[in-house]
Amino acid sequence: MIQTRADTKPGEGTGLWFVKILLGLFIIVLLLVHLIVNHYVGEGALLTWQNVVDYFSNPWIVFMEITFLFVVVSHSLIGMRSIILDLNPARGTMKIIDWFLIILGTGSIIYGIWLALKIASFGG
């Protein structure tokens, strides 16, 4: 019998595994854009507070940074869940872990969005 990815890890279906892989690829693209924009475009890169505020004054940059945040947090927490599944926890324990990861991810994303918008609000 041929085992699929979903067969080898109960609790992680093919859909969630595929989302994790797509998010990983998206991270690579966003990381390259992030590095190029932060370190090679414009004068002085992002070395001072004022450079960061000026950078965040562009709404496309705020959108890109928030998207990057969402993708990285989602990918990392799905990956962490996958590692925990390797330990074969009980179903009830996994439900608690799932809720913890959802709350952690949601809180991290909300804080990151607030911070990005707060920095952008200092710009003129």
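**Note on the predicted all-helix chain**

1. Of the 124 residues in the protein chain, 31% count as buried (under 20% relative accessible area, with over 50% called exposed and the range in between partly exposed, using a 1.4 Å probe and protein chains only). The model is predicted, so that local features need pLDDT of at least 70 and side-chain atom pairs count only at pLDDT 80 or more, while totals for chains, interfaces and linings use all residues. Residues are numbered from 1 along each chain as its sequence is written, and side-chain values use heavy atoms, leaving out hydrogens and water.

2. The chain has 5 helices and 0 strands, where helices are DSSP runs of H or I with at least four residues and strands are E runs of at least two, numbered from the N terminus.

3. The largest nonpolar core (buried Ala, Val, Leu, Ile, Met, Phe, Trp, Tyr and Cys residues joined through side-chain atoms within 4.5 Å) holds 15 residues, of which Leu 30, Tyr 55, Phe 56, Val 71 and Ile 119 touch the most other members. Two or more residues come from each of α2 (14-40), α3 (49-56), α4 (59-86) and α5 (91-121), and α4 gives the largest share, 6 residues.

4. Leaving aside residues up to four places away in sequence, Leu 30 is in contact (heavy atoms within 4.5 Å) with Met 64, Thr 67, Phe 68 and Val 71. Another core, of 8 residues, lies apart from the largest one and includes Leu 77, Ile 84, Met 94 and Ile 97.

5. Leu 115, in helix α5, counts as partly exposed because its relative accessibility is 33%.
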